[in-house]
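Work through the two exercises below with the sequence and the coordinates at hand. Each task is followed by a stepwise solution.

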Amino acid sequence: MNKIILFLVFVCLVLLSYSNQSDEIATKKNPFFSEFNTPFNVPPFNKIKEEHYLPAFKQGIIQQQKEIEAIVNNSNAPTFENTIEAMESSGILLTKVRNVFYNLTSAHTNDELQKISKKVAPLLSKHNDDIKLNAGLFKRVKAVYNQKEKLGLSSEQNRLLEKTYKEFVRGGANLSPEKQAKLREINKELALLSLKFGENILKENNAFELVIEKEEGLVGLPQSVIIGAAEAAKERDHEGKWVFTLHKPSMIPFLQYSEKRELREKIFKAYINRGNNNNQLDNKAIVSKTVALRVEKANLLGYNNHAEFVLEKNMAKKPENVYKLLNQLWKPALAIAKKEATELQTMINKEGKNFKLEAWDWWYYAEKLKKAKYDLDDKALRPYFKLENVRDGVFAVANKLYGITFEEITNMPKYHQEVKVFELKEADGSHIGILYVDYFPRASKRGGAWMNSYRKQSKQGGQEVFPVITNVCNFSKPTGDKPALLSFEEVTTLFHEFGHALHGLLSNSTYRKLSGTSVSRDFVELPSQIMENWAAEPEVLKTYARHFETGEVIPQSLIDKLKKSSHFNQGFATVEYLAASFLDMDWHTLTEAKELDVEKFETDSLNKIGLIPEIVVRYKSPYFRHIFSGGYSSGYYSYIWAEVLDADAFDAFKETSLFDQKTAQAFRKNILERGGTEEPMTLYKRFRGAEPKIDALLKRKGLN
Ligand SMILES: [Zn+2]
């Protein structure tokens, strides 16, 4: 008997040491567990394998738990340094793996990564709650917070203290243990729902294809679009045919040019029904559940609804203020959109066609009307917007404004061959940071365009950490022997995302938590949207808009047409956007946690504002990723809110000159460098000398 036990103990010991050994080997090989040892310490994408993530996440969580325990058990009285700063510098490994992982699940995912994210989501949700609901830790934070006036903190330190304290309160630190347990459950469930929502959309987006078998199905389409569709067909095993997908660079030109009305309807309906096909990828139940859980959470924390909970920390502060701005713009925008619809209908009638304008006709007739009214079409512009020229154009704008330079580095690790890497330097040659750009659509990438960071700028404890930032987009790809030629809308998006990148790259903050784009949602779009203004200025166009074959500068006549047509279709664009903002607010001002009929709720919400049937809300609920699988719930209004800011801010340049050095320096020093280190309105006023006025926006949109 004893012998058997001894033998078993022996076996266990052997197994234990074996598993320790294999753990050690895994640790040695796992790039997250050591210095990256790459140029500028960027992630070693070539060495990171799928199996490295989960162990790094788990170890990262354990490490931070230990760090937090050490803070709680510190026998010294709580101070700013031993509590707030100590928390800020904890979780280095977790941040490192999280940044790489979530960048890749958006930009270049696969089934394996999706599986890992499902395992990680509850772990992170729990870990986050373990920190926010740690009573001992909150006691110390509160102790520091309660004596903040006496501590002689800098404004940035004050801000960090304030933000940290509020995160605890908003995370449930003041709730009873029973309510905290409930909150944990809700957070975990919400994390998984958000993940599933995004995954469903990605699959729905990739699942649909419009296969055109015969050439007659291509009537109206420009040659470059046809070549692109033939290439897509080849990639998707339909060689010799043509394929259109729901990716914007494929779908939009089809809607603009295809004379086949029934095919336009088909692709359009596929697009607006994503997540609403009553199959296993349907998102309606997820929407309903998410909204109900958000109300429940808000109520637990003492708010009437989710919007109140979210807006408290934004510039808008309250739902009323958001509705006020939306309502102010809605009426004039809707009036213009109705006029536009009438013009399009007139065009249909003139063609002798006997049908009523529908949503899938809008793009097609708008394109035709633009041609008729301004002799301008998308096809004529694209040759002047070769991707590389536009990119170099935005670099040149940043150089003229801030003196910074850009140099491509080719020997950097990448996660996909289409990615390009640039180093930014100050005028004196000192290093600023690294920018990745990843511009083309693929099945492994989610839709849209975004900026994110692999590493945020900070300099806590005097240690400079340089930022590593990325821009990811879904632009028109090169087709046949032609390079990537962008639409003007894509040009604007490129400038926009680059503006976010500058916010991250030029950040000059001590703490990671306040660095770069760590600002409220309705302020974060200021640095991005202001950049869009330069894209359209004639003086700037002449520097970057060159014909891809001849190098000829964009002719003045095209610039004039572009300028003249700048209000064209703005009623449509503003209305489809505002409608989505109303819908977001309506979902999140519900005060009762109950599950609802998603389609009915949405229809009611849109009928209430009088949306016309010829225009579909920019995002219907089952694919409204911003609010159900992104960070924009009760925040989709932010774009128009920030437009008030950016139009007013850009006026400062118009009042002086486009590249006025004093204004540029003031924008850099007071906005771009300051991240979230102070209240946004304080920063804004320091730049502009006054609060923003709405006039500039109304004028720009032609709504005044
Ligand atoms: Zn943006």
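**Exercise 1.** Determine which spacing the donors of the zinc ion follow along the chain, and place the donors in the structure.

Solution. Step 1: along the chain, the spacing of the zinc donors is H-x3-H-x24-E, where donors are N, O and S atoms within 2.8 Å of the metal (3.2 Å for Na, K and Ca), and sites may look incomplete because water is not among the atoms. The model is predicted: local features need pLDDT of at least 70, side-chain atom pairs count only at pLDDT 80 or more, and totals for chains, interfaces and linings use all residues. Residues are numbered from 1 along each chain as its sequence is written, and side-chain values use heavy atoms, with hydrogens and water left out.

Step 2: NE2 of His 496, NE2 of His 500 and OE of Glu 525 coordinate the ion at 2.1 Å.

Step 3: helix α18 (residues 488–505) holds both His 496 and His 500, four residues apart, about one turn of the helix; helices (H or I, at least four residues) and strands (E, at least two) are DSSP runs, numbered from the N terminus.

**Exercise 2.** Classify His 496 and His 500 as buried or exposed.

Solution. Step 1: the cut-offs are under 20% relative accessible area for buried and over 50% for exposed, with partly exposed in between (1.4 Å probe, protein chains only).

Step 2: His 496 has 9% relative accessibility, so His 496 counts as buried.

Step 3: the relative accessible area of His 500 is 7%, so His 500 is buried.
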